[in-house]
Amino acid sequence: MARSSALRQVDPAPSYVTFARPSIERGEIDDVIETLASGWLTTGPRVQRFEREFAAYVGAREAVAVNSCTAGLHLSLLASGIGGGDEVVTTPLTFCATANTVIHTGARPVFADVDPVTMNLDPAAAAAAVTPRTRAVLPVHFAGRPVDIGAFRALTARHRLVYIEDAAHAVETVHPEGKVGTTADFTCFSFYATKNLTTGEGGMITTASPEKAQWLRTAALHGLSRDAWKRYGPDGPAPYEVVMAGFKYNMMDLQAAIGLRQLARLDEMAARREAIWRAYDEALADLPLVRPAPAEAGTVHARHLYTVLVDPTICGWTRAELQQALHARGIGTSVHFQALHLHAFYAERYGLARGMFPHAEYISDHTLSLPLSAALTGAEFDQVIDALRAIFA
Ligand SMILES: Cc1ncc(COP(=O)(O)O)c(C=O)c1O
């Protein structure tokens with residue numbers, strides 16, 4: 001049986017293997033306690049530092065911290081002037097937040113099919129979905145694999161569209177065109193509990209435009225004029241004005257404290273996920289599951305989700321049966337994603353139906369995400385492989 005001795009650590013007795021346990025160590029815990037003791041809980045100096053350090057890590061000119069990637073997407077669309085009557089081309093193989101934030105602006109999400117191998121929005125399909133009403137293209141770096149950034153930049157430049165990247169899975173992702181976070185008008189990251197870098201809930205928007213960044217900061221904090229959060233600080237009372245009907249999308253210092261520590265551990269956590277990824281590739285090689293395609297040359301894949309395809313014609317099990325059998329053996333899995341146009345809400349609202357995006361549908365019907373996180377132990381990994389071998393025996 002293929003096992004990776006490199007993954008052997010101090011292993012607790014095997015129990016239920018959760019799908020994506022966050023990697024939280026003493027450092028994060030100490031920093032949260034220190035922040036609590038500091039008396040400054042919400043947006044303040046730690047958020048400012050997290051923005052600076054994240055921008056430096058990515059190589060972006062500006063980074064604006066928010067309380068979720070969803071908030072980041074919503075604000076990025078609004079900052080682009082997108083609203084009623086507009087269309088935004090995106091992938092159906094994503095979390096609902098990608099499309100919902102488009103709907104929140106009053107615009108319409110227009111889906112285009114994905115590439116069956118990379119599972120990312122197909123630039124040719126996206127180009128075919130562009131109409132005179134299209135204002136933006138919004139691909140997702142699915143599972144941490146970069147989209148064809150060059151093709152999307154060319155497409156958006158050709159039609160004078162805004163280019164927004166949903167990088168919820170892609171903190172570490174690099175493309176030959178550049179580090180994700182520097183290649184779009186706006187890039188939105190997620191620090192949700194299951195993500196490669198977590199703050200529990202949280203997100204970041206990167207952009208090259210200081211003016212847009214200032215607008216995003218104001219919009220994320222009620223529309224209060226610049227640095228309004230300082231009004232409770234040591235500099236004493238500071239006047240502020242409401243300059244727009246903004247949102248309550250600001251990140252707390254408590255979250256930034258976790259984020260700063262996670263950012264410092266990012267390389268170490270990425271190396272762990274890379275080792276697990278390789279161990280999966282090796283251990284699954286002789287099992288009847290379709291493994292993720294190798295990363296493209298010159299790219300860095302963020303190794304966020306290890307998604308296999310469970311095709312009954314190949315392995316004799318449906319995805320639901322395999323998921324249940326793994327659960328019965330103490331293995332948690334997840335599905336990324338049920339294609340959005342197959343959800344009743346989008347289907348009914350936009351007249352969508354099965355058959356429109358066949359690649360996304362095939363993946364939607366067969367994909368299964370195996371446990372993957374920097375906190376996954378060697379014993380847990382072996383438990384996953386042992387369960388799969390027993391099931392397929
Ligand atoms: C592709 C994608 N986009 C957006 C989001 C939303 O992120 P958040 O929970 O930080 O709002 C997620 C969350 O899982 C996601 O997977």
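1. A useful starting point: a residue counts as buried if 20 or more other C-beta atoms lie within 10 Å of its own, exposed if 12 or fewer, and partly exposed in between. With that in hand, take His222: it has 17 other C-beta atoms within 10 Å, so His222 is partly exposed. Please keep in mind as you read that this is a predicted model.

2. His222 also deserves a look for its backbone. Its phi is near 65°, a positive value in a residue other than glycine. You will find His222 in the loop between helix H7 (210-220) and helix H8 (253-264).

3. Arg160 makes a good companion to His222. Phi of Arg160 is near 55°, again positive in a residue that is not glycine. The loop that holds Arg160 runs between helix H6 (149-159) and strand S5 (162-166). Here the count is 8 other C-beta atoms within 10 Å, so Arg160 is exposed.

4. One more backbone feature to visit is the peptide bond between His336 and Phe337, which is cis, with omega about 0°. Phe337 sits in the loop between helix H11 (319-328) and helix H12 (344-350).

5. Now for the ligand. Around it are 14 residues, of which Ser68, Cys69, Thr70, Ala168 and Ser190 come nearest. Helix H3 (69-79) and helix H4 (96-104) are the elements that give two or more residues to this shell. By type, the shell holds six nonpolar residues, seven polar and one charged.

6. The interior is worth some time too. In soluble globular proteins, nonpolar side chains tend to be buried together. In this model, the largest nonpolar core has 106 residues, and those with the most contacts inside it are Val64, Val66, Leu75, Ala136, Val137 and Ala220. Helix H3 gives the most to this core, with seven residues. At least three residues of the core come from each of domain 1 (5-23 + 266-392) and domain 2 (26-264).

7. To see the core from one residue, try Val64. Which residues is Val64 in contact with, leaving aside its neighbours within four places in sequence? They are Glu51, Met204, Ile205, Ala213, Leu216, Arg217 and Ala220. Ala220 is also among the residues with the most contacts inside the core.

8. Finally, have a look at Gln48, in helix H2 (residues 45-58). Gln48 is partly exposed because 15 other C-beta atoms lie within 10 Å. The C-alpha atom of Gln48 is separated by 8.6 Å from that of Ala256, though these residues are 208 residues apart along the chain.

How values were computed
Residues are numbered from 1 along each chain as its sequence is written. This is a predicted model: local features need pLDDT of at least 70, side-chain atom pairs count only at pLDDT 80 or more; totals for chains, interfaces and linings use all residues. A residue is near a molecule or strand if its C-beta atom, placed from the backbone, lies within 6 Å of it. Helices (H or I, at least four residues) and strands (E, at least two) are DSSP runs, numbered from the N terminus. Ala, Val, Leu, Ile, Met, Phe, Trp, Tyr, Cys and Pro count as nonpolar, Asp, Glu, Lys and Arg as charged, and the others, Gly among them, as polar. A nonpolar core is a set of buried Ala, Val, Leu, Ile, Met, Phe, Trp, Tyr and Cys residues joined through C-beta atoms within 7 Å. Domain bounds come from an automatic or database domain assignment. Two residues are in contact if their C-beta atoms, placed from the backbone, lie within 7 Å.
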